[in-house]
Every structure is written in structure tokens, then in C-alpha cells.
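Please open the model in your viewer and keep the sequence panel beside it. The tour below goes from one selection to the next and says what is to be found at each stop.

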Amino acid sequence: MDAILLSRLQFAAATMFHFIFVPLTLGLSVLIAGMETAYVRTGKELYLRMAKFWGKLFLINFVLGVVTGITLEFQFGTNWSRYSAYVGDIFGSLLAIEATAAFFLESTFIGVWVFGWKKLSPKAHATVAWLVAGAGNLSAVWILIANGFMQNPLGYVIRNGRAELNDFMAVVLNPFAWQQFAHTILGAFCVAGFFVLGISAWHLARKSHEEFFNASLRIGAGVALVASILVAVQGHFHGNEVARIQPVKLAAMESHWETRANAPMYLLQIPGENGNVLEALPVPSLLSILAYNDPDAVVKGLNDVPAADRPPVVITFWAFRAMVGIGTIMPLIALFAWIKRRDIAKHPWFLKLLPWAIPLPYLGLQAGWVVAEVGRQPWIVHGLMRTSDAVSPIAGGQVGFSLAAIIVLYTLLGAAGFFLAGRAVKQGPDAAH
Amino acid sequence: MLETIWFLLWGVLWAVYFALDGFDLGMGMLKPFLARDEYEKRVIYNAAGPFWDGNEVWLIAAGGVTFAAFPLAYAAMFSGLYTALMLLLFALIVRGVSFEFRSKVDSPGWKAIWDGCQVVGSFLPALLLGVAFANIFQGLPLDQNQVMHGGLLDLLNPYGLAGGVLFVLLFLSHGALWLSIKAEGDLRERAASTAAKLWPVLAAVIVVFLAYTWFATKLFTNYMANPALFLILIVPVGGLVMIRVWLAARRFWAAWGASAVMIIGVTLFAVVGLFPAILPSSLNPAWSLTATDAGIKASSSPLTLAIMLGVALVFVPIVIGYQFWVYKTFSSPVTREDLEY
């Protein structure tokens, strides 16, 4: 196999694995900081125990997110050196700002958080928790501004054979980047909400630590409900932005082939790379309405896009369906949990179901990023640089070796982390280790 | 001017990274030799506990600044040193995880796995960073299209390996000094005597490496053109001498500080010798990737360099400030009550 395909697979593997851990870090860090503040305000021991129990799970998750993040920064240079040379003037500076302004703060204070329980006052410790949470979310801002440049390049000029910065504020205020940030962060809060909800339900179904997990479940249900509603509503506006800026991606998301006004959506549709294999039960004008909030809007079809400029349609289509499907189920589950939060013990079937809902937001986020990244192809920077022009001049064998090593190593580490998290969950609060 | 400032800042970031992460990498390598029982092992893990993650970000920052300020050099360096960097990465990954996972299960087998990860994950980065930088000092086979020829085995030439040995020794000594601060009782005595035994070896290797550098690289060209620059050598040499003096006086903080100053001095001595090249080409000096117009200019645009300078001038002092606070807060020796890992 050639270096380009292997490099793409490696980037996908490394990024998707990294992104198993990041959303929980982003969301749960804020919940833990909130629990510590609640402890400082009320003096209730329960909140401190909560911060420690959820904090233990947080740390197992956090370290895997941190170490796999280093891979991502390295990979632009190792595997995508032509990309790095071409857009490094802009993209590189965003990564460097992320490291200096946010990642330093997060990584320095996570150590203080772990080791500072006895050395710091509860108030100072809670402040440290907020610093970790704030810095993590600030990191996400800069990373998504960097990704936003790949989706919707702004603020550059082509000079000296490369893209050079000419308007920093345009890069930073890129509306597409901020839509992605909002969508990702809200998704991350869905992950944290369903995580707390599912684990609390697991214990409540076994009637263990009921006071502790009833209180946790209420927090989880509230966060899951608010985040899953907001992510769906905001997702609609994010979709409008995609339609406006990346009409080809939108067409692939819907496997939409004929450019037309009053574009319908099909209730029954099987996509193909050269046209739909099956389309039936059209809902008139629905696609025009969803994409542009106007039934008469013209939606561009893939037939008007040269085949070389089309993303893989089947993957983009199904990933989008998976994301939207999950996004529809999540608020329903969260709403039921919220309504029944005070007498949830009367619904044992629901307590048994909730742990199985934990993977849903994870899968939704992964699917959403598949839409964003696969749907952007064949471009590495939309409209500016093709992925095939971006790869390093390296031998496929080297990449094959590193890809295999990453898969083996990550699988082992992931298994160890899953084992530890499972153990910590079963031990429950107040365990020694 | 901006390019020159960024070249120096680039050197400073690497120097600070070596001076900080150097001690926890060093302790990771020393652990199997110094710890006699499970408690002492845990003391060593916890001596790095509150610091290692923050230290490692200096590597991310150094890599990020290479990308931001000298994208062509970042592209050529990271793709050209592909396999070495992947190994460095895997080592740092298992090392980081070993801190967090090791103490979570009370089983000797489980702990042995992570102990192994910690040792390998500390030794490989020290060795690979030394090998990589020594190869940069002597020049890499870069062609006119910034493509590097040769693979991992070509890096393992005598001078490259000498650089690897130097880094491993620097970090071992630095780690032994840190453990002299953070451990108590027998373990502290063993750490201090290890540091004392390492000192003459380290001093000899530094002298040999400097002499070898004279023959194997062009690092001394800048110094011969401007002999006043040789004054920089006062920093590493002074640091080296003061390690010995303060170690004998059992002033461990001062000795560790001298070691940090020495590591920074060694790095800056090399970086000043490299200027203006970030990646010298061994094939043709005109193909070297440089900060200025001397070779192939690798720098970012003036606008990017100016914005990044503003960011660095605001945030780097803040980072140093809060990291200093963390070191101060956790400066006392590790006791049984402090064990979190």
C-alpha cells in the first residue's frame, strides 16, 4: 500500500482513538469543578466524595487523552509534511498558541489537582479544578480554530509558494470554526452527562450507595438533557453553515445528485458513489428547508461536481445518519431520566438500560467527525490543497510499521484503561485505590 | 531580526524542556537501580508526580514553535526522522500512562508491566533526543527539495550515538540530584552517592563530546568568527563545577539548579553554534534550512512571527510563573502521606 492511504488510515486511527477520551475530559472536568465548588459553598461531604469518585474515573481517561494527543501534533510533520510546509504559517501558529496558552495550564494544574488535596485549602483546590476545566476547553477552542481553517480557510494570501497569514482575526473569528466548537463542546457535555447518568444507574440498579448515586444521577440527567437538546438545535445551524460553505459535503451527507429547487428528502434511501441505489418516499422540499430554511432554495447535486472533487458519498451519508439518529434518541432518554429523577428506583428496566446509553454520545461524536473530515475530501484544506498533495515524501513501509504499532499499542492501552475504569466503577465511592 | 529572536526562543524552549523533563526521565531510568522495595519505587514515581505532565508540555511547545516559526524545518525534521520520532512518541506514551495506571491495581505482575514501561519509556526518549540532536549538529542528508535521505540506522553513526550517551548521562545525573531533594533516608543517600559517582563520568563525556564536536560538526564556526561567544561556555562549565561543589556540601536544591543551568548552557552553546541553520544539510550548505536567507529560508511570514512573539512574551512568563509556584508548593520530600501514584 502507498504512503498516502496508510497515512490517512493512521491519522484516522490516531485521531479517533484520541477523541474517545477528549470529550469526557472536556465535559466531566467542568462537572467535577462544579462539585468541588458545591462542596466549598455548602460544606456537604457528599460533594467532596463525588468530586473524588468521578475524579478518579476522569484521571484514567485524562492521561490517555494527553499521551495520544502528542501523536497528533507530531503527525502533521511526520506524515503530512507538505501540508505543514504549505500552511504551517497559519496552522502551526494555532497549534503553538494552543500549547502555550492552554495546554500548559491544563497539564500543570492536573498535577496540582491530583497531589494537592492535602496541600491546598478546599477553595484553592476547587480553583485548580476550574483552571483544569477551563484550560481544557480553551485548548478545544484553538484546535477547532485550526480545524476550522482546514474546513473554511480564511485570512490567508498565497505568497512565496505557500499560504501566508494576512488577517489573524479572520482566522480566529472564523464562523465555521466556532460552529464546530459549539457542536463539539455540546457533544462533549452529552458524553459527560450520559457517562454520569449511566454509571449512577448501574449502581442504583444494585441498590448500592443510593444517596451518592441518586445525587449524581440528577446531575447527569440535567446535563445530558440540556446538552442533548442544545446540540441538536445548534446542529441545525451548523448544518446551514455547511450548506453555505461546503455545498459538496452537504450533497454527500444527503447523497443528493440532481441540482434543483424544492429538493426533497427520501425516507427510504440507499446511497452509492455514482448515484442512489434506491430512493423512495420523498418528502417534498424538506432538504431545501433543512439546508437553507427555504423550500424554494436550490440545493447543489453531486452530478454537477466532477468525480475527482467528490468526497466518499456512502461513508459520509451513513455517518451523518448515525449522528442524527443518535442525536434524536439522546434527548428522549435524557428527558425520561430527568422527569423520573426523583423516583427512578421505580423503573428498574430504565436503570438497566441507562448504562447501555453511555456509548451513544461517543458514537455520535465519532460519526460527526467522520462527516466533517471524510466529507471534506478530497481536500485537506477545503478548496486550497488536496490531501493527495499533502503527504510526506516517505516510504509506505515506514508508515505501515507505525500504523501497525499504533493499533497494537493503542488497543492494549485502551483495554488497560477500560479495565481500570470498570474496576473503579465497581468499587464505587470511598474505595482505597 | 524577528527570525533571529525566534531562533533563540526555539533554542530556549528545547533547553527548558531538557532541563525539566530531563530529571523525571532520569529518575525513570534510575528506578530499577535505586529502589530496593515497593515503597521506594513509589517514592520515585511520586517524586515526579506533580511535575512530569507540565514538564512534557515544553516538548509540545518546542515542537509547536518549530511548526509555527519554521514550518519548512518542522516538515523536513519530522518526516525525515520519521521512525526515530515514532519510537520517541511510543516511549513517551507508555511512560505517561505508567505513572497513572501503575498504582491502581495491587498486583506485582501489573506493577511490573508498568515499571518496565517507565524504564523503557524514560531511556528511549533520552537516547533518541540525544541521537537526533547530535545528527542535527553534524548535518542531515537534506536535498534541495528538503527531503531527507537515509533512515533510522543512518542516525546511529558514532557522533549520533555519542550524543545519545551524553543525553542519557545528563538526564541520569539530573534525576539523581532531583531524587536527592525529594527522597528521604537511605534512598536519598543512594541517590546522592549515585549523583556523585556519575559526576566524573559526565564531566569526561562532556569534554570528549565537545572535542568530537570540533571535528564532526561546524558548530565552532560561529565561535571562531566571534571568539567573545566562547563566554557562553562559562554557563555549562560553571554549572558542572557547581554541581560537584554543592553536592559535596549536601545542598541538593542548589546542585540540581546547577545541573539545570548546565543542561540549558549545553543546549544554548550548541544552538548558537548552529545559527542560522535549524537543519544543516550535510550534502550542500546551500540546502540547509535556516532562519535567515543564508540557506533555504524556513521561517514563517513576518506577520506570523510578530503575532507569535506577542503570544510568547505574554504567556511564557505566565507559564514560568505558575510552574514555579507548583515547584514551590511541592518542594518538600515525599512522605508516606504524599503518595498518590
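Two strands are taken to pair where DSSP finds at least two bridges between them. With that in mind, and remembering that this is a predicted model, select strand β1 of chain A, residues 156-159, together with β2(A): the two strands pair in the antiparallel sense over four bridges. Within this pairing, V157(A) has E164(A) in β2(A) as its bridge partner. Now move to the turn of the hairpin formed by β1(A) and β2(A), where two residues lie between the strands and N160(A) takes a positive phi near 55°.

**Chain A as a whole**

Next, show all of chain A as a cartoon, in which 13 helices and eight strands make up the secondary structure. Along its principal axes, the C-alpha trace of chain A spans about 65 × 50 × 40 Å. For 433 residues a compact globule would be expected to have a radius of gyration near 22 Å, and the 23 Å of chain A agrees with that expectation. If you colour the chain by burial, buried residues account for 52% of the 433 residues. Of the contacts in chain A between residues at least 6 apart in sequence, 76% join residues at least 24 apart.

**Two helices of chain A**

Select helix α4 of chain A, residues 122-151, and place a distance between its end C-alpha atoms: they are 43 Å apart, which agrees with the 44 Å that its 30 residues should span at 1.5 Å a residue. Since 22 of the 30 residues of α4(A) are buried, this helix is largely enclosed by the rest of the structure.

From there go to helix α7 of chain A, residues 210-245, and pick out V223(A) within it. Is V223(A) buried or exposed? With 25 other C-beta atoms within 10 Å, V223(A) is buried, because the cut-off for a buried residue is 20 or more. Leaving aside residues up to four places away in sequence, V223(A) touches L31(A), F189(A), A192(A) and G193(A). It is also worth selecting A334(A), which is 111 residues from V223(A) in sequence but 8.7 Å from it in space, C-alpha to C-alpha.

**Strands β4 and β5 of chain A, and the loops beyond**

Select strand β4 of chain A, residues 265-270, and then add β5(A): the two run antiparallel and are joined by five bridges. Across this pairing, Y266(A) stands opposite P282(A) in β5(A). Of the six residues of β5(A) the number buried is zero, so this strand lies largely in the open.

Following the chain onward, stop at S285(A), in the loop between β5 (278-283) and α9 (286-292) of chain A. Although S285(A) is not a glycine, it has a positive phi of about 65°, and with 18 C-beta neighbours inside 10 Å it counts as partly exposed. Then select N293(A), in the loop between α9 and β6 (298-299) of chain A. N293(A) is likewise not a glycine and has a positive phi, here of about 55°; with 12 other C-beta atoms within 10 Å, N293(A) is exposed.

**Two cis peptide bonds**

Where does P378(A) lie? Look in the loop between α12 (359-374) and β7 (379-381) of chain A, where the peptide bond from Q377(A) to P378(A) is cis, with omega near 5°. Then turn to chain B and select F275(B) and P276(B), which are joined by a cis peptide bond with omega about 0°. P276(B) lies in the loop between α12 (252-274) and β1 (277-279) of chain B.

**The sheet of chain B**

While in chain B, select its open sheet of three strands, which has the order β1-β2-β3 and mixed pairing. The edge strands are β1 and β3 (296-297) of chain B, each of which pairs on one side only. Strand β2 of chain B, residues 289-290, pairs with β3(B) in the parallel sense over two bridges, and there L289(B) stands opposite I296(B).

**Where the chains meet**

Finally, show both chains together and select the contact between them, which takes 53 residues from chain A and 54 residues from chain B. On the side of chain A, α2 (45-78), α3 (81-115), β2 (162-165) and α13 (396-427) each supply at least two residues. The largest share of that side, 22 residues, comes from α3(A). Coloured by residue class, the residues on the side of chain A that touches chain B divide into 30 nonpolar, 18 polar and five charged.

Conventions
Residues numbered from 1 in each chain as written. Chains lettered and ligands numbered in written order. Predicted model: local features only at pLDDT ≥ 70, side-chain atom pairs only at ≥ 80, totals over all residues. Contact = placed C-beta atoms within 7 Å. Nonpolar A, V, L, I, M, F, W, Y, C, P; charged D, E, K, R; others polar. Expected span 1.5 Å × (residues − 1). Rg over C-alpha atoms; globule rule 2.2 N^0.38 Å.
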